[in-house]
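This report describes helix packing, salt bridges and selected residues in one protein chain. Please look over the sequence and the structure before reading on.

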Amino acid sequence: MVLATAFGTGQVFWSMLWFFMFFIWIWLLITVFADIFRSHDLNGWTKALWTVFVVFVPYLGVFVYLIARGRKMSEHAVEAAAAQDAAAKAYIRQTVATTSPTDELARLADLKAQGVISDAEFQQMKSKVVAA
């Protein structure tokens, strides 16, 4: 209880502000490192130099990287989002793979001709396909 009385409202605000600033800084570092390593236009030595620069002089390294390659960072983010969207759409198309009622009826007729389903099952399934 003594700690709560010594810790004023202004100190809580400043502590929260510094915490969020630290969180933003960590997020910015992660973003810069992710961009360094996903850049296809940088060779290995350039990536290593940027990484060393950001690790040993973090504030200056991040700010210089943002100034020098900020536009490329946004291009990489757009490319990654487009690739992820294309992959999701391809997965959805592959998974859903809708068939037309005529294709379904042809498949049912083949199953009936092979003797896999009986006439009654064929009629029941045919009525479900036609009703849908």
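How many salt bridges does the count come to? With a salt bridge taken as a side-chain nitrogen of Lys or Arg within 4 Å of a carboxyl oxygen of Asp or Glu, the count comes to 7. The model is a predicted one, in which local features need pLDDT of at least 70 and side-chain atom pairs count only at pLDDT 80 or more, while totals for chains, interfaces and linings use all residues. Residues are numbered from 1 along each chain as its sequence is written, and side-chain values use heavy atoms, with hydrogens and water left out.

Three of the salt bridges are set out below, with N to O distances.

| Acidic partner | Basic partner | Distance |
|---|---|---|
| Asp41 | Lys72 | 3.7 Å |
| Asp85 | Lys89 | 3.5 Å |
| Asp119 | Lys112 | 3.3 Å |

Helices are DSSP runs (H or I, at least four residues), numbered from the N terminus. Asp41 forms its salt bridge with Lys72 from the loop between α2 and α3, whereas Lys72 belongs to helix α4, so the pair ties together parts that are 31 residues apart in sequence. Accessibility is graded by relative accessible area with a 1.4 Å probe and protein chains only (buried under 20%, exposed over 50%, partly exposed in between). On this scale Asp41 is partly exposed at 41%, and Lys72 is likewise partly exposed at 34%. Lys89 and Asp85 are 4 residues apart in helix α4 and are therefore separated by about one helical turn; Lys89 is partly exposed at 42%, as is Asp85 at 40%. In the pair of Asp119 and Lys112, Asp119 is exposed at 52%, while Lys112 is partly exposed at 33%. Salt bridges that share partners also join Asp41, Arg69, Lys72 and Glu75 into one network.

Two packed helices are described by the angle between their axes and the distance between the axes. Here the axes are lines fitted to C-alpha atoms over the stretch in contact, and angles run from 0 to 180 degrees between N-to-C directions. Helix α5 (residues 101-114) packs against helix α6 (residues 119-131) at about 175°, with the axes 10 Å apart, and the two are therefore roughly antiparallel (over 145 degrees). Their contact (heavy atoms within 4.5 Å) involves residues including Leu105 and Leu108 of α5 and Phe122 and Met125 of α6. The residues of this contact divide into 7 nonpolar, no polar and 4 charged.

Two further residues are buried. Lys47, in helix α3, is buried yet has no salt bridge, and the nearest side chain of opposite charge, that of Asp41, is 7.3 Å away. Leaving aside neighbours within four places in sequence, Lys47 is in contact with Ile36, Phe37, Ser39 and Leu42. Met73, in helix α4, counts as buried at 11% relative accessibility. Not counting residues up to four places away in sequence, Met73 touches Thr31, Val32, Asp35, Arg38, Tyr65 and Leu66. The C-alpha atoms of Met73 and Arg38 are 9.7 Å apart, although the two residues are 35 residues apart in sequence.

By contrast, His40, in the loop between α2 (9-38) and α3 (44-56), is exposed, with a relative accessible area of 78%.

Methods
Lys and Arg count as positive and Asp and Glu as negative; His and the chain ends are not counted. Angles under 35 degrees count as roughly parallel, over 145 as roughly antiparallel, 65 to 115 as roughly perpendicular and the rest as oblique. Ala, Val, Leu, Ile, Met, Phe, Trp, Tyr, Cys and Pro count as nonpolar, Asp, Glu, Lys and Arg as charged, and the others, Gly among them, as polar.
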